[in-house]
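Reader: I have a structure open on my screen and would like to talk it through with you. Shall we take it piece by piece?

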Amino acid sequence: MNGSKALLMNSFVYAELVCIETWKSPDWHATMRFRLSCFLSESAMNRRLAMFAGLKVGLVVNQADFFLSHRLELAQALRALGAEPVLLCPPGTGEAKAAQYDLPVVTYPMSRSGINPFAEIGTILALGKLYRRLQLDLVHHITIKPVLYGTFAARRSGIPAVVNAVTGLSLIHI
């Protein structure tokens, strides 16, 4: 229990876990207020452990290095809560480093700056195929292309819960 609390002390990770948890609640406003009011209490921690136990969570990014430098704590917290996080990223983006953290990695074809419509449709289809094959309970998309393409693929694949986090400036704005 103490290891889980230590991992959740990072408020950014906690905020993301709160967002992930609210998908199970029909009254998400009350859920958010309740979660924030009982930040890391023992009973809240026990409920969180029960909620995440056995969940298979896909963490979808366009760059594995970015995930490891900015969101690794999220994967570790999910694992500490009993979930099974899986990192989905394009090949050649630093996914070999994830093995150091014992994080399963599945690659899918994607170009961060690609604009070929056929290749982009191929990315959506590949994500949908992966979602069905992995049988994920929840998918968390991080960065703009995974958010746009992954949300569409997740809905078409019947994923019960999707969390999106748009981060970064993207290449369009530079």
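Reader: Which helix holds L148?
Author: Happy to help: this is a predicted model, in which local features need pLDDT of at least 70, side-chain atom pairs count only at pLDDT 80 or more, and totals for chains, interfaces and linings use all residues. Residues are numbered from 1 along each chain as its sequence is written, and side-chain values use heavy atoms, with hydrogens and water left out. Helices are DSSP runs of H or I with at least four residues, strands are runs of E with at least two, and both are numbered from the N terminus. By that numbering, L148 lies in helix 9 (residues 144-157).

Reader: Is L148 buried or exposed?
Author: Buried means under 20% relative accessible area, exposed over 50%, and partly exposed in between, using a 1.4 Å probe and protein chains only. L148 counts as exposed because its relative accessible area is 52%.

Reader: In what order do the 5 strands of the sheet run?
Author: Strands pair if DSSP finds at least two bridges between them. Here the sheet is open and its pairing parallel. Strand 3 (105-107) and strand 5 (162-165) each have a single partner strand, so one side of each lacks a neighbour in the sheet. The order is 3-2-1-4-5.

Reader: Which residue of strand 4 is the bridge partner of L59?
Author: Strand 1 (residues 56-60) and strand 4 (residues 138-142) pair in the parallel sense over 4 bridges. The strand 4 partner of L59 is H140.

Reader: Which residue with positive phi follows helix 6?
Author: In helix 6, the buried residues include L72, L74 and L78. After this helix, with a phi near 100°, comes G82.
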